[in-house]
Amino acid sequence: MIGGMKTIAVIFGGRSTEHDVSIVTALASIIKPLELTKQYRVEPIYISKDGDWYWDQKLKNIDLYQSGEIEEFMRKAPKVHLLFDNGLTLVKSSQFAGRKQYKKIDVVFPAMHGTHGEDGELMGVLEMANVPYVGCGLAASAVAMDKVLSKQVTESAGIASTPWTWFYSSDLPRRHSEIMKEVEKLAYPIFVKPAHLGSSIGITRVESRDMLMNALEVAAHYDDKVIVEQGVANLIEVTLPIMGNEDPLPALLEQPMLHAEDFFDFETKYMQGGKKGGKKGGAEQGAQGYSKIPADIPKDLYDKAVKLGIDSYKAVGCSGIARIDMLIDGKSQQVMFNEINPLPGSLYSHNWKQAGVSGVDLVSRLVAYAEQRWQSRQKIATNFATNYLKQF
Amino acid sequence: MQIVVDSLLIDYSKIGSGKNTIVLLHGWGDSRQTFEFLEKELVNTYTVISLDLPGFGKSQAPDTAWDLADYASIVSKFLQKLNIREVYALVGHSNGGALAIFASGTGVINPDKLVLIAASGIRNRQKGKRLAIKLVAKTGKVATFWLPKNQKQKLRKRLHGSIGSDMFVAPHLQETYKKTVRHDVQAEASKITKPTLLIYGENDKATPPIYGEIYHNLIHDSVLEIIGGTGHFVHKDKPAQTLKLIEDFLR
């Protein structure tokens, strides 16, 4: 700590298809508000697409990435070393011969999306260093980023989801007729997805059998596990950002309008007075495109979805922050768990803001949750005296 | 849309519901986006399939160096996998044109009609150019070995550019490029019996109109159209005119 200011390392970039999204999350939604608090000194750590780690104040500047100057920077800058000294210290060679620069880190704020970061790998390193870090822990991150595991975990906690199945990609060539048979127990349309990847990579909506095998092969090409889910009729998609440790706090239930056409349909509908009473929730353009915040659904359904979101958060063992995606059958009013995102893009700060939590407030609370979890973990005994070595 | 063919992920689009199917093949360093205009217009009458060839656009690159035969084979397998038994027309631009000639001439794909836009594949006329490329590649390597990596790449890129080599357009496919550029498809062209439309740009430096004349002589049932005031990307420079020629020919 320097003059009462805590040092926070924000780690971003990484070997992931969401590398660029991570830069924006880190710079705009984490570093900027952290610095506005004037309580933290931020040390940015950038992981290149090749997996090299860099630490430099210059890395806070978005122009560096937008202009492509980052390539030149990486050619010249020394890479950072991590020193585990019952905590985490950053080390790098300075411009002066033989001199090294050290920086003890008080809290780490991971801003990674997707593989090799959001999936628990980075959390494992931080656990080993015994440094407090923001967001879900190793196990919750790993479960959340595996769509098969997260469904198995939530299902065992009695949380509903749409009918689904899964298989190992390596089994597809050997057992393809068996797998097809299993998959076809689900009703079309079905969604075929790689188990681990984010966004829409490798995902196919399959309407009929003639498209099925190709879709299974594509998903299997991207991942070692493939999940297949039955489409939901009268679909309303909602998502809920949640933060906290033991007592999770929900933001507002958000209804993404994924396609521009949908958005315009919605606008047209309202503009033409198709629905009396005007809009309940305004249409916001947030990090993920247009969405309605709060979701425009009946109150009991809204409450049901919030409860299912919090139940899922707890079942997977999330802490710090996460976002739960849910599917609702508008007719039967059934709410179903879909997936968990342990580090929502831009922290979903647009939603939190509407829920009354400013960007500055959000990052401060997340840092406090990180410290609280770390402190409670320190109380758990990890060693005890034995005479095992003496007996050896 | 994506599909896996021979363990390679291929990005493609299949649009329209016409009885007859048209398959579009883009050129070296290009992608299926090059045909955006043609695709949008042709879809009113035909089923249009357009794919990113392996190593280009959003399709996965092959692990080994490929030649035209490998590309022809993957396109054929891709069509089989999509259950396309009959191709009404194969349309190729530049290297995609050479590929279309190779695939049709060797019978790997049997379209009813061929449309070749600024098709390449005439290689022995360019002995001088190839020699220059070879020379530049060799001397370039020696002359730049002492430079830092990025400077080296920049300088070599400029050297290659100055003699009109596409070598650096897709750096990950340099070996494939060398194999493809060596392949002359005049022999395959002479075996084509199907009606063929040849379109060339008057000011095309990469595949000059003389190529069109050569193919016109080799392909018995062919028509040659040279569009004035256009370069190598005829279909982009004069999209409406190119489309009109294609539509009339396919009718």
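Helix α6 of chain A, residues 147-156, lies across three strands of the same chain: β8, β9 and β11. Its direction makes an angle of about 55° with β11(A). The model is a predicted one.

The strands under this helix belong to an open sheet of four in chain A. The order is β8-β11-β9-β10, and the pairing is antiparallel. Which strands sit at the edges? They are β8 (164-168) and β10 (204-206) of chain A, each of which pairs on one side only. Neighbouring strands of the sheet are turned against each other by 20° on average, with direction ignored.

Look next at one pair inside that order. Strand β9 of chain A covers residues 190-194, and strand β11 of chain A covers residues 225-230. The two run antiparallel and are joined by five bridges. To find the register, start at A:K193. This residue stands opposite A:I227 in β11(A).

A second helix also lies across strands of chain A. Helix α8, residues 209-222 of chain A, lies across β9, β10 and β11 of that chain. It runs at about 20° to β9(A).

Return now to α6(A), which has a helix partner as well. This partner is helix α10 of chain A, residues 299-316. The axes of α6(A) and α10(A) are 9 Å apart, and the helices pack at an angle of about 110°. Angles of 65 to 115 degrees count as roughly perpendicular. The two helices, α6(A) and α10(A), are therefore roughly perpendicular to each other.

Which residues make this contact? From α6(A) come A:S150, A:V153 and A:T154. They meet A:S312, A:A315 and A:V316 in α10(A). By class, the residues of this contact divide into three nonpolar and three polar, with no charged residue.

Step back to the domains. Chain A is divided into domain 1 (6-135), domain 2 (144-159 + 233-355) and domain 3 (164-230). Domain 2 is thus written as two segments, 144-159 and 233-355. The centres of domain 1 of chain A and domain 3 of chain A, taken over C-alpha atoms, are separated by 36 Å. These two domains do touch: six residues of domain 1 of chain A and four residues of domain 3 of chain A take part in the contact. What is the class make-up on the domain 1 side? That side has four polar residues, two charged residues and no nonpolar ones.

Now the whole of chain A. It has 13 helices and 18 strands. Of its 392 residues, 42% are buried. Take the contacts in chain A between residues at least 6 apart in sequence. Of these, 67% join residues at least 24 apart.

Chain B can be described in the same terms. It has ten helices and eight strands. Its length is 251 residues, and buried residues make up 41% of them. Among contacts in chain B with a separation of 6 or more, residues 24 or more positions apart account for 72%.

Last comes the contact between the chains. Five residues of chain B and four residues of chain A take part. Which element gives the most to the chain B side? It is strand β1 of chain B, residues 2-5, with three residues. The side of chain B that touches chain A has three nonpolar residues, one polar residue and one charged residue.

Methods. Residues are numbered from 1 along each chain as its sequence is written. Chains are lettered from A and ligands numbered from 1 in the order in which they are written. This is a predicted model: local features need pLDDT of at least 70, side-chain atom pairs count only at pLDDT 80 or more; totals for chains, interfaces and linings use all residues. Domain bounds come from an automatic or database domain assignment. Two residues are in contact if their C-beta atoms, placed from the backbone, lie within 7 Å. Ala, Val, Leu, Ile, Met, Phe, Trp, Tyr, Cys and Pro count as nonpolar, Asp, Glu, Lys and Arg as charged, and the others, Gly among them, as polar. A residue is buried if 20 or more other C-beta atoms lie within 10 Å of its own, exposed if 12 or fewer, and partly exposed in between; C-beta atoms are placed from the backbone. Two strands pair if DSSP finds at least two bridges between them. Axes are lines fitted to C-alpha atoms, for helices over the stretch in contact, and angles run from 0 to 180 degrees between N-to-C directions. Angles under 35 degrees count as roughly parallel, over 145 as roughly antiparallel, 65 to 115 as roughly perpendicular and the rest as oblique.
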